[in-house]
Amino acid sequence: MNYFIESLLAAFSLITSLDANIYRIVLTSVSISITATLIAALLAIPAGVAMALNNFKGKTSLQHILNTLMSMPTVVIGLLLYGLFSRLGPLGNWGLLYTPTAVIIAEAILIFPIMMNLTIAAVNSADPRLVPTLISLGARPFTLTIHVIRATRYAILAALVTGFGRAIGEVGAAMMLGGNIEGFTRTMTTAIALETSKGEFELGLALGLLLLIIAFALNFTLSWLNKS
Amino acid sequence: MTSAYKLSDITLKPQNKIILTIPQLTVNSGQCLALLGENGAGKTSLINLLAFTHRANHGSIRLFDQVVGSKLKPSQRRRIGLVHQQPYLLPGTVADNIRLALSLQGVKRLHIPELTQQALKQVNLIALADQAANTLSGGELKRVAIARAIAYQPDILLLDEPFSHLDHRHIQLLEDSINHFAQQKGKTVIFSTHDRFQAQALASATINLVAGKITASPLLNHYHGKLDQHFFDTGKMIIHVTSELTYARHLAVDPREIIVSPQPLKSSMRNSFSGRLILIAEEGHAIRLTIQCAERFHVIISPEALASLNLSLGDTIWLSFKSTAVTVF
């Protein structure tokens, strides 16, 4: 028990002393996750709105595929992209393996179905009179999408926050594609895994606490968004 | 005279249940029309078809003598203003909603402030311009929705049940707003209602809708039942009809074609019933009598006829009408 409490205290002092090493890792993690979230959002939100607003053949099947992708194990994405990006893979000469870009691509792919699904749910739960009203007022497909996003912006922002939360807590793909290179691709989750296996429990714990704080902050934001 | 709408051969059947069948309907421009029918008769569906927010499964609608393709052109969309039964206002202020409609319709930015003011003035709501849309009362909401629909100066204004759930004062204000638009030259107004008096107060003509079909006669004497050759059985009485139809579920008797007499008439008329006079009411420039026979009948007569008949409530009187005064469908 002493071991645990001592480690916890050491972790706190690491956080409060603004240990440069720790904050570099946090910064890497946050910037990778934000970039991945923005890229995924740029694609998932319009796609989600378009899918919610249109009826087409195969819509239900597509919905099933999206639901399946939402629970796709992250190591599988890591594995597939590893195959693509490794020297012998089809995209090997791009030199992406073990770079932040590779991690960003993996995280974006991982959270795309989540964000798209949540966007679909957001539009479907909007007032049923919203779309007919906009159409009767002359909205065309592009302006319709813009105004539907505007009217459901809180729910769509919640989709963004959820995606970011998933990306920052992800470890499998980040490890396989980033390679956990210090100061380059070392994220909070991969660092925790490494430090713990090295026996550096304090550092791992400090990062874990910070990750928890981020998760709390995100959840508070989410519940605040749901209220508005 | 140009026609605002020309419908032909329309069938609307979402999920294989027929909601509307309209073989032919022309609406002349410059008219104020009431769409009269009970709940579920298809009024909202017809309004949505006319607004092109829903499409019929079969048939075509011409808008100002132009065929409408699979997509309504923006220039055609701009000619139609639609007010839903429970209008939806977007987040923001009253003026925001009107500005949004103007910009969606492609009105030049330069003209938006002026047209916004003009629209609010027409519904007498300038004072509410900066109020948040979600704080409006039911009556104000409808008038804002009208302002939003007429802001871009459409040629047609469609209103779905504009007067439902409103108190008398707000109905009056709403009528003023609609009248203000209708009196402009060449403007067409179509509104749905289940209230005959409301229809007569505002409209110059009515379209009667029963179970998804347009009927010629006003829906005063409307009965459900079964047609068997030349007899229609309502369950309470049998009425003679002349119709080539072999199947019909509805029957309507034109209230102006019924003759009232204190004694049975000797005539060629096939239908003759007696009943108790239970209501005498003034309706516009005419008199409406309600007579309780096996079914309840309404008859419209002139004030002069009322005076000469010397009727009083509770009298037993005779009703006679030709089988050609009867429509079955």
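What follows is a conversation about a predicted model of two chains, A and B.

Biologist: Which helix of chain A has the lowest mean pLDDT among the elements of that chain?

Modeller: Since this is a predicted model, confidence is a sensible place to begin: the mean pLDDT of chain A is 91, and 99% of its residues reach 70 or more. Among the elements of chain A, the highest mean, 96, belongs to helix H5 (residues 100-124) of chain A, while the lowest, 85, belongs to helix H1 (residues 2-16) of chain A.

Biologist: How many helices and how many strands does chain A have?

Modeller: From the N terminus on, the elements of chain A run α-α-α-α-α-α-α-α-α-α-α, and the C-alpha trace of chain A spans about 65 × 45 × 25 Å along its principal axes. Of the 228 residues in chain A, 39% are buried, and among contacts between residues at least 6 apart in sequence, 79% join residues at least 24 apart. The count for chain A is eleven helices and zero strands.

Biologist: At roughly what angle do the axes of H1(A) and helix H11 (residues 201-227) of chain A cross?

Modeller: H1(A) passes H11(A) in a right-handed crossing. The contact is made on the H1(A) side by A:Ser7, A:Leu8, A:Ala10, A:Ala11, A:Leu14 and A:Ile15, and on the H11(A) side by residues including A:Phe201, A:Glu202 and A:Leu210; by class, the contact has eleven nonpolar, one polar and one charged residues. The two axes come within 8 Å, and the crossing angle is roughly 65°.

Biologist: Turning to the other chain, how many helices and strands make up the secondary structure of chain B?

Modeller: The C-alpha trace of chain B spans about 75 × 40 × 35 Å along its principal axes, and buried residues make up 37% of its 329 residues. Among the contacts in chain B with a separation of 6 or more, 70% are between residues 24 or more positions apart. The secondary structure of chain B comes to eight helices and 21 strands.

Biologist: In what order do the five strands of the open sheet in chain B lie?

Modeller: One can build the order from the pairings, beginning with strand E16 (residues 259-261) of chain B, which is joined by three bridges to strand E20 (residues 316-321) of chain B, with B:Ile259 as one of the bridged residues and the two strands running antiparallel. E20(B) also pairs in the antiparallel sense with strand E17 (residues 271-283) of chain B over six bridges, and B:Asn271 has B:Phe321 in E20(B) as its bridge partner. Further along, six bridges join strand E18 (residues 286-292) of chain B to E19(B), with B:Leu289 partnered by B:Val299. The pairing in this open sheet is antiparallel, and the order is E16-E20-E17-E18-E19.

Biologist: Which are the edge strands of that sheet?

Modeller: The twist in this five-strand sheet averages 45° from one strand to the next. Each edge strand pairs on one side only, and the two that do so are E16 and strand E19 (296-301) of chain B.

Biologist: Is B:His58 buried or exposed?

Modeller: B:His58 is found in strand E4 (residues 58-63) of chain B, and, not counting residues up to four places away in sequence, B:His58 touches B:Asp9, B:Ile10 and B:Thr11. A residue counts as exposed if 12 or fewer other C-beta atoms lie within 10 Å of its own. Because B:His58 has 11 other C-beta atoms within 10 Å, it is exposed.

Biologist: Which residue stands opposite B:His58 in E4(B)?

Modeller: The strand that faces this residue is strand E1 (residues 3-12) of chain B, which is joined to E4(B) by five bridges and runs antiparallel to it. The residue opposite B:His58 is B:Thr11.

Biologist: Which residue in the turn between E4(B) and E5(B) has a positive phi?

Modeller: E4(B) is joined by two bridges to strand E5 (residues 66-67) of chain B, and the two run antiparallel, with B:Arg62 opposite B:Val67 in E5(B). These strands form a hairpin with two residues between them, and the turn residue with a positive phi, of about 50°, is B:Phe64.

Biologist: How many residues of chain B are in contact with chain A?

Modeller: Helix H2 (74-77) and helix H3 (94-104) of chain B each supply at least two residues of the side that touches chain A. By class, that side of chain B has eight nonpolar, four polar and two charged residues. On the chain A side there are twelve residues, and the number in contact from chain B is 14.

Terms used. Residues are numbered from 1 along each chain as its sequence is written. Chains are lettered from A and ligands numbered from 1 in the order in which they are written. This is a predicted model: local features need pLDDT of at least 70, side-chain atom pairs count only at pLDDT 80 or more; totals for chains, interfaces and linings use all residues. pLDDT is the predictor's confidence in each residue, from 0 to 100. Helices (H or I, at least four residues) and strands (E, at least two) are DSSP runs, numbered from the N terminus. Axes are lines fitted to C-alpha atoms, for helices over the stretch in contact, and angles run from 0 to 180 degrees between N-to-C directions. A crossing is left-handed if the near helix is turned anticlockwise from the far one by less than a right angle, and right-handed if clockwise. Two residues are in contact if their C-beta atoms, placed from the backbone, lie within 7 Å. Ala, Val, Leu, Ile, Met, Phe, Trp, Tyr, Cys and Pro count as nonpolar, Asp, Glu, Lys and Arg as charged, and the others, Gly among them, as polar. Two strands pair if DSSP finds at least two bridges between them. A residue is buried if 20 or more other C-beta atoms lie within 10 Å of its own, exposed if 12 or fewer, and partly exposed in between; C-beta atoms are placed from the backbone.
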